[in-house]
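Dear colleague,

I am passing on the structure we spoke about, with some notes to read beside it. Please look through the model first, and then go on to what was found in it.

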Amino acid sequence: MADYKAPLRDMRFVLNEVFEVSKLWAELPALAEVVDEETANAILEEAGKVTAGSIAPLNRSGDEEGCSWDNGVVKTPAGFPEAYRTYAEGGWVGVGGAPEFGGMGMPKVIGAQVEEMVNSASLSFGLYPMLTSGACLSILNHASEELKAQYLPNMYAGVWAGSMCLTEPHAGTDLGIIRTKAEPQADGSYKISGTKIFITGGEHDLTENIIHLVLAKLPDAPAGPKGISLFLVPKVMVNADGSLGEKNALGCGSIEHKMGIKASATCVMNFDGATGYLIGEVNKGLAAMFTMMNYERLGVGIQGLSLGERSYQSAIEYARERIQSRAPTGPVAKDKAADPIIVHPDVRRMLLTMKALNEGGRAFSSYVAMQLDTAKYSEDKATAQRADELVALLTPVAKAFLTDMALETTVHGQQIFGGHGFIREWGQEQLVRDCRITQIYEGTNGIQSLDLVGRKIVGSGGSYYKHFADEIKAFVASADASLAEFTQPLAAAVENLDALTAWVLDNAKRNPNEIGAASVEYLQAFGYTAYAYMWALMARAALGKEAQDEFYASKLGTARFYFARLLPRIHSLSASVKAGSESLYLLDAAQF
């Protein structure tokens with residue numbers, strides 16, 4: 001497998017030339033004095049060095065060795081503790097953390113690029129700081145000032161880690177039926193009892209303490225999701241002076257043996273009357289947990305992008321070096337026995353698909369991250385609200401579409417290697433295995449599709465969608481005639497999505513099954529249209545510069561490929577949506 005190199009040129013292109021993010025930062029007082037283009041470039045440069053130098057070399061060995069469990073003790077693979085210390089000492093765990101508690105205070109659009117780099121280097125490794133950052137976000141936004149001061153500095157510093165404990169053996173998507181109990185104590189704390197499964201980083205040897213965020217119900221809680229509360233439950237109790245005290249009454253019962261991400265400890269966690277502290281209000285735990293969900297679900301989408309990028313880097317190197325057969329138009333490498341496989345149309349189709357989906361995904365994830373920053377930092381109420389509604393609309397698309405495209409991309413990367421792609425030592429099969437989980441956790445992609453169509457489209461009466469569609473239409477209307485080859489098909493794609501959205505809104509009124517029947521294909525059509533917008537924006541930034549710089553020529557060529565070969569997929573997806581739900585119910589359960 002090729003050595004990983006952070007795609008810094010493309011990241012700078014997206015941030016500085018396509019979106020001109022420094023202008024956004026200058027308009028937001030909370031960021032204006034914190035970050036500018038020069039600062040951002042320096043941060044990304046350093047992140048690229050640490051991820052490529054310290055973490056990427058552990059990816060395959062970490063997969064081969066995996067984590068081990070022995071009587072409740074979990075060990076990560078060789079090299080992980082040392083690499084984690086290096087990563088933490090660089091301040092990368094707290095890159096987006098609140099400065100008043102020791103975080104770097106960077107906007108999400110910068111954090112998104114760092115996440116891509118660390119997850120390209122090793123998704124298993126990247127999950128540990130990701131879960132810590134997510135836990136910090138909920139603590140920062142909902143916990144008491146005392147809990148923030150006691151826990152956030154060490155978590156941002158990477159001295160302590162974090163985990164999210166939601167799922168139970170009988171309760172995955174339907175969290176309203178969890179059984180974990182929280183019993184109030186006289187001192188204001190709670191005793192937490194229950195079992196949680198699929199807990200990423202629930203136990204490991206990377207940090208001296210792990211701070212678990214646990215969903216549980218009080219004895220008198222209302223039934224369903226309205227009775228869920230959120231608790232901070234440390235692995236090791238923290239004394240008033242900040243020192244570590246006794247071990248809490250919790251432990252890791254086992255770790256899962258998985259298809260991929262084998263160096264990430266996925267734990268069964270048992271809470272046996274463990275001491276915990278309420279975060280936020282009683283029975284408002286889901287609201288506190290969902291504060292971080294938009295960030296985490298975007299983060300999972302970025303994980304998919306990361307794996308696609310790593311796969312592409314290896315595939316393009318292999319395609320340039322591997323010689324097999326001659327080009328259809330005649331020999332290219334006349335001094336060799338055969339031509340490099342990059343001359344063959346089908347290999348080019350796969351490589352260009354990978355490149356177009358990766359670069360489109362990087363632009364789209366950065367766009368969503370910018371909306372998160374605007375919603376968080378804008379002092380104009382209307383601007384912040386619009387951004388918040390865009391985030392609500394686009395988060396399920398970012399999570400599901402990026403990861404669905406990532407599986408296609410990593411499979412293409414494996415396919416380019418032929419038989420060698422099926423062999424461990426080349427690394428491509430690991431990326432396929434690792435990628436598969438991104439479509440499942442943090443809410444399966446089917447659930448994301450239901451969220452998009454049911455809550456964000458139908459639930460808002462189409463108003464959230466209108467923000468995005470109107471923005472694209474305004475771009476098309478204002479675009480120079482030189483962009484017509486991109487804006488004309490983009491306008492047609494938005495018109496198609498408008499019609500599809502109207503169809504869903506209308507038919508959902510008559511038959512509730514239409515939401516679930518349409519959801520997956522609708523999200524896919526939405527995703528391809530959103531990527532078309534990203535590619536039109538990138539084409540605008542590159543046009544006129546292609547003669548002087550191969551980077552821009554490559555960008556324009558990839559944009560043309562996207563519009564010619566990938567965007568047309570929306571037509572079959574739209575036909576599937578409009579076919580309705582009737583055919584899904586032609587068989588009764590026994591006939592399956």
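The notes below take the overall fold, then the cavities, and then the salt bridges.

Please keep in mind throughout that this is a predicted model, and that the values given here are computed from it.

Overall fold

The protein chain has 20 helices and 11 strands. Its radius of gyration is 24 Å, close to the 25 Å that the globule rule gives for 592 residues, so the chain is as compact as a globular protein of that length. Along the principal axes, the C-alpha trace of the protein chain spans about 80 × 60 × 60 Å, and 58% of the 592 residues count as buried. If one takes the contacts between residues at least 6 apart in sequence, 74% of them join residues at least 24 apart.

For a residue at the other end of the accessibility scale you could look at D70, which is found in strand 1 (residues 68-70). D70 counts as exposed because its relative accessibility is 58%, where the cut-off for that class is over 50%. D70 lies 329 residues from K399 in sequence, and the C-alpha atoms of the two are 34 Å apart in space.

Cavities

How many cavities of 30 Å³ or more does the structure hold? There are three of them, and the notes here cover the largest and the second largest.

The largest cavity has a volume of about 480 Å³. Its lining is made up of 31 residues, and V95, G96, K108, E115 and S133 are those that lie nearest its centre. Helix 7 (108-121), helix 8 (123-142), helix 11 (293-321) and helix 12 (345-377) each supply at least two residues of this lining, and helix 8 gives the most, with eight residues. By residue class, the lining of the largest cavity divides into 17 nonpolar, nine polar and five charged residues.

The second largest cavity holds about 50 Å³ of space. Its lining consists of G304, L305, G308, L357, N358, G361, L402, M405, A406, T409 and Y531. Helix 11, helix 12 and helix 13 (381-416) each supply at least two residues here, with the largest share, four residues, coming from helix 13. In this lining six residues are nonpolar and five are polar, and there are no charged ones.

Two helices therefore deserve a look in both places, since helix 11 and helix 12 each supply at least two residues to the lining of the largest cavity and likewise to that of the second largest cavity.Salt bridges

Side chains of opposite charge can pair when their charged atoms come close. In this model the count comes to 30 salt bridges.

Which residue meets the side chain of D10 in a salt bridge of 2.7 Å, N to O? The partner is R362, and the pair links distant parts of the chain, with D10 in helix 1 (residues 8-18) and R362 in helix 12, 352 residues apart. Both D10 and R362 are buried.

D10 also forms a salt bridge with K555, the closest N and O atoms being 2.3 Å apart. This pair too links distant parts of the chain, as K555 is in helix 19 (residues 550-566) and D10 in helix 1, 545 residues apart. K555 counts as buried because its relative accessibility is 2%, and D10 counts as buried because its relative accessibility is 6%, the cut-off for that class being under 20%.

These two pairs belong to a wider set, for D10, E116, E309, K355, E359, R362 and K555 are linked in a network of salt bridges.

A further salt bridge joins D498 and K473, whose closest N and O atoms are 2.7 Å apart. D498 is in helix 17 (residues 484-510) and K473 in helix 16 (residues 463-478), 25 residues apart, and this pair also links distant parts of the chain. D498 counts as partly exposed because its relative accessibility is 21%, and K473, with a relative accessible area of 38%, is partly exposed as well.

With best regards

Terms used
Residues numbered from 1 in each chain as written. Predicted model: local features only at pLDDT ≥ 70, side-chain atom pairs only at ≥ 80, totals over all residues. Heavy atoms only, no water. 1 Å grid on protein atoms, 1.4 Å probe; cavity = no way out; pocket = protein on both sides within 12 Å on 5 of 7 lines; lining within 4 Å. Points joined across faces, edges and corners; volume = space filled by probe spheres on them. Nonpolar A, V, L, I, M, F, W, Y, C, P; charged D, E, K, R; others polar. Salt bridge = Lys/Arg side-chain N within 4 Å of Asp/Glu carboxyl O. Buried < 20%, exposed > 50% of the residue type's maximum accessible area, 1.4 Å probe, protein only. Rg over C-alpha atoms; globule rule 2.2 N^0.38 Å. Contact = heavy atoms within 4.5 Å.
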